[in-house]
Number of protein chains: 2
Amino acid sequence: MTEKKLRATSRALPISLLRAREKVMGQIRPMLADAGVTEQQWRVLRVLTEDGAMDPTDIADKSCLLLPSLTRILKYLEENGLVTRTKHETDGRRFVVEITSKGRSLIDHNAPTSNRIYSEIEAAFGAKKMDELLDLLDELAHLEL
Amino acid sequence: MTEKKLRATSRALPISLLRAREKVMGQIRPMLADAGVTEQQWRVLRVLTEDGAMDPTDIADKSCLLLPSLTRILKYLEENGLVTRTKHETDGRRFVVEITSKGRSLIDHNAPTSNRIYSEIEAAFGAKKMDELLDLLDELAHLEL
DNA sequence: TGATAATATTTAACATGTTAAGCATATATG
DNA sequence: CATATATGCTTAACATGTTAAATATTATCA
C-alpha cells in the first residue's frame, strides 16, 4: 500500500485517457479544420444545438469547459455570428446564449462527416467494445469520491 | 448511415474521455499543486524516471505532448534544475534530456500520495473495471485506421 | 561530391487550460 | 431595510495546445 514507486505510465489513467482521446481527435481534426472551428467551439455549438438556449454556466458544464475559456470562446462565436448572447430577463447576472441559423447550418453541414468518422472508428474498434467503453467512462465520470 | 443528426454528446467519445479525465485529474491536482509542478511537467519527469535519459521526440511520444509544448516545458524544467539538456554525442540535431537528483526526489517524494489517490479511485471504481477500462483505452489508442 | 530530401528541434501566432481575483447582481439574515 | 454572503460572469496572468514556418543537421543519391 502506498508504494514508493509509481506504476508504469502505460497503465496510468490520465495518460491513457489522453492517448485514446488523441487517437480519436486525430481523425476528427481535419473535419474541424475544414469547418473553420476549433474543437472547443464545435463542442459549444453542438451543445447549443442539442439542448437549446442556455446560460454560460450550463454550457461550460455540458461542453466540459471552464468559464474563463468559455468567455473567450463565446466572444469569438458571437463576433462571427454563430451565437447570440442576450441578458437574462429577470436575473441581471446571467446571460442567455443561443445558436444562430448560421451556427446551426455549420453543425448541420458537418454532421454527416462527423458521423461517418465515428462509424469508421466504431467499425474498427467494435460496436460492443465502444459501448462498453462509453459505459465505463460515464461511470468513472460520475463516481462518488 | 451518415445520419444528418449528431449523436448525443453524452455518448460522444471525445467529450466522454474528457469528462472521465477531469474526474481523475480533479483528485490529482491538489498533489501537483503541492509539489509545485504542472500536470505536464509531472508527466515529463515521470517518463524520464521510468525510462531514463532520452531525446525530446521520445519524451513527447511517451508523455503525450507536442514538441512545441515540450520545448517550453523543458526550458522551464532545466532552468529550475529538474532536468539537464545536453547535446547528442553523434547527432548534432538532437539533445539528450536527463532527470536530475532534484527532479528524481520530487517524484519520489510525491509517489506515495499519487499511489494513494490512485488506490482510492480504483477502490471506488472497482479494480476489475479499472483493468477493463485501461485495456479498452490501450486498444483504442493503438487502433489501425 | 553536391544538390535534395528527410529529420530534430525551435519559434511564432493564436486559442485554450488553469487558478486567483474582480465586479456586478441576487439572496439571505438580522 | 441594511449589510453580509452567495452567485454568475469576466479579467488577468501564466502555462499549454495547435498549426505552420524556420533553422540546423544528417541522410540520400544522381
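1. In this predicted model, the surface near DNA strand D is made up of nine nonpolar, seven polar and seven charged residues. In total, 23 residues surround DNA strand D. The closest of them are A:Asp55, A:Thr57, A:Pro68, B:Ser69 and B:Gly92.

2. Both protein chains contribute helices to the surface near DNA strand D: α3 (56-63) and α4 of chain A, and α2 (39-51) and α4 of chain B, each supply at least two residues. With five residues, α4(B) gives the most.

3. DNA strand C is likewise surrounded by 23 residues, of which A:Ser69, A:Gly92, B:Asp55, B:Thr57 and B:Pro68 are the closest. Here the elements that give two or more residues are α2 (39-51) and α4 (67-79) of chain A and α3 (56-63) and α4 (67-79) of chain B. The largest share of the surface near DNA strand C comes from α4(A), with five residues. By class, the residues of this surface divide into nine nonpolar, seven polar and seven charged.

4. Apart from the DNA, the two protein chains touch each other: 50 residues of chain A are in contact with 50 residues of chain B. On the chain A side, α1 (13-35), α2, α5 (101-125) and α6 (127-141) each supply at least two residues. The largest share of that side, 15 residues, comes from α1(A).

5. The side of chain A that touches chain B has 25 nonpolar, six polar and 19 charged residues. One element of chain A, α2, appears both on this side and on the surface near DNA strand C.

Conventions
Residues are numbered from 1 along each chain as its sequence is written. Chains are lettered from A and ligands numbered from 1 in the order in which they are written. This is a predicted model: local features need pLDDT of at least 70, side-chain atom pairs count only at pLDDT 80 or more; totals for chains, interfaces and linings use all residues. A residue is near a molecule or strand if its C-beta atom, placed from the backbone, lies within 6 Å of it. Helices (H or I, at least four residues) and strands (E, at least two) are DSSP runs, numbered from the N terminus. Ala, Val, Leu, Ile, Met, Phe, Trp, Tyr, Cys and Pro count as nonpolar, Asp, Glu, Lys and Arg as charged, and the others, Gly among them, as polar. Two residues are in contact if their C-beta atoms, placed from the backbone, lie within 7 Å.
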